[in-house]
Amino acid sequence: MSATAGQAQGERGLAERLGLKPGQVVQEIGWDEDVDEKLRESIEDLTGNELLDEDVDDVVDVVLLWWRDGDGDLFDALTNAMRGLAKGGQIWLLTPKAGRDGHVEPSDIGEDSVTAGLSQTSSISAAPDWSGTRLVTPKGGR
């Protein structure tokens, strides 16, 4: 395996940790200069699609929501993120890890996601500086 192929496989692994699959449509909300570019690239490589920006009104399989303490009201952001989400879709809430500027307390994530009608299913280390929290609408309704 070439170094390039190995690097591509490693980058795909970042998106695979999020449970993403080829062909999925992913919308990105909250992009700023501090986001993890390798994670973004791995998502595009794995899905085969460019990330849609937050102004697109298409139906999407996954919303990638970059969120930092001080970005505003998380409940409002989650509610807005659900608008274009396909049935069975998911939101990956990406927040700075503990000790990093903009860290969001897990209790705040839990409270706001429940209030928005979402269930937290898993948390992962999504990138060196970012934690990921997977949020879905409950299967049994609200």
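Helices and strands here are DSSP runs, numbered from the N terminus. Keep that numbering in mind as you click through this predicted model.

**Stop 1: the whole chain**

Colour by secondary structure. The protein has four helices and five strands. From the N terminus on, they run α-β-α-β-α-β-α-β-β. Now colour by accessibility. Of the 142 residues, 42% count as buried. Contacts reach along the chain too: among those between residues at least 6 apart in sequence, 73% join residues at least 24 apart.

**Stop 2: helix 4**

Select residues 106-115, which make up helix 4. Which of its residues are buried? Show side chains for Ile109, Asp112 and Ser113: these are the buried ones. They sit on the same side of helix 4, because they cover an arc of only 100° around the axis.

Now turn to the face pointing away from that buried side. Ser107, Glu111, Val114 and Thr115 are there, and they are exposed.

What do the buried residues of helix 4 pack against? Bring up two elements that come before helix 4: helix 3 (74-82) and strand 3 (85-96). Then add strand 4 (119-127) and strand 5 (130-136), which complete the list of packing partners.

Before leaving, step past the end of the helix to Gly117. This glycine follows helix 4 and has a positive phi, near 85°.

**Stop 3: Arg68 and its partners**

Next come the charged pairs. Side chains of opposite charge can pair when their charged atoms come close. How many salt bridges does the structure hold? There are five.

Select Arg68 and Asp34. They form a salt bridge, with the closest N and O atoms 2.8 Å apart. Arg68 lies in the loop between strand 2 (60-66) and helix 3, and Asp34 in the loop between strand 1 (26-29) and helix 2 (37-47), so the pair ties together parts that are 34 residues apart in sequence.

Is Arg68 buried or exposed? Arg68 has a relative accessible area of 9%, so it is buried. Asp34 is at 38%, which makes it partly exposed.

Keep Arg68 selected and add Asp71. Their side chains also meet in a salt bridge, at 3.0 Å from N to O. Asp71 is partly exposed, at 36% relative accessibility.

**Stop 4: helix 2 and Glu28**

Move to helix 2 and pick Arg40 and Glu37. Their side chains meet in a salt bridge of 2.9 Å, N to O. Both residues lie in helix 2, three residues apart, about one turn of the helix. Arg40 is buried at 17% relative accessible area. The cut-off for that class is under 20%. Glu37, at 34%, counts as partly exposed. Salt bridges that share partners join Glu28, Glu37 and Arg40 into one network.

Centre on Glu28 itself. Glu28 is placed in strand 1. It is buried, with a relative accessible area of 7%. What does Glu28 touch, not counting residues up to four places away in sequence? Show Arg40, Leu51, Leu52, Asp53, Glu54, Leu64 and Trp66 to see its contacts.

**Stop 5: Pro96**

Jump to Pro96, which lies in strand 3. Pro96 is buried, at 4% relative accessibility. Leave aside its neighbours within four places in sequence, and Pro96 is in contact with Trp67, Arg68, Asp101, Gly102, His103, Val104, Asp129 and Trp130. You have already met Arg68, a salt-bridge partner of Asp34.

Add Ser131 to the view. The C-alpha atoms of Pro96 and Ser131 are separated by 6.1 Å, although the two residues are 35 apart along the chain.

**Stop 6: the largest pocket**

Finish with a surface view. The largest pocket has a volume of about 240 Å³. Select its lining in two goes. Start with Gln27, Ile29, Glu54, Val56, Asp57 and Asp58, which are among the lining residues. Then add Asp76, Ala77, Asn80, Ala81, Arg83 and Gly84, which also line the pocket.

Which element gives the most to this lining? Helix 3 does, with four residues. Strand 1 and helix 3 each supply at least two. By class, the lining of the largest pocket has four nonpolar, three polar and five charged residues. Glu54, in the lining, is also one of the residues that Glu28 touches.

Technical notes. Residues are numbered from 1 along each chain as its sequence is written. This is a predicted model: local features need pLDDT of at least 70, side-chain atom pairs count only at pLDDT 80 or more; totals for chains, interfaces and linings use all residues. Side-chain values use heavy atoms; hydrogens and water are left out. Buried means under 20% relative accessible area, exposed over 50%, partly exposed in between (1.4 Å probe, protein chains only). The arc is that of the directions from the helix axis to the C-beta atoms. Contact means heavy atoms within 4.5 Å. A salt bridge is a side-chain nitrogen of Lys or Arg within 4 Å of a carboxyl oxygen of Asp or Glu. On a 1 Å grid over the protein atoms alone, a cavity is a set of points where a 1.4 Å probe fits but cannot get out, and a pocket is an open set with protein on both sides within 12 Å along at least five of seven lines; lining residues have an atom within 4 Å of a point. Grid points are joined across faces, edges and corners, and a volume is the space filled by probe spheres set on the points. Ala, Val, Leu, Ile, Met, Phe, Trp, Tyr, Cys and Pro count as nonpolar, Asp, Glu, Lys and Arg as charged, and the others, Gly among them, as polar.
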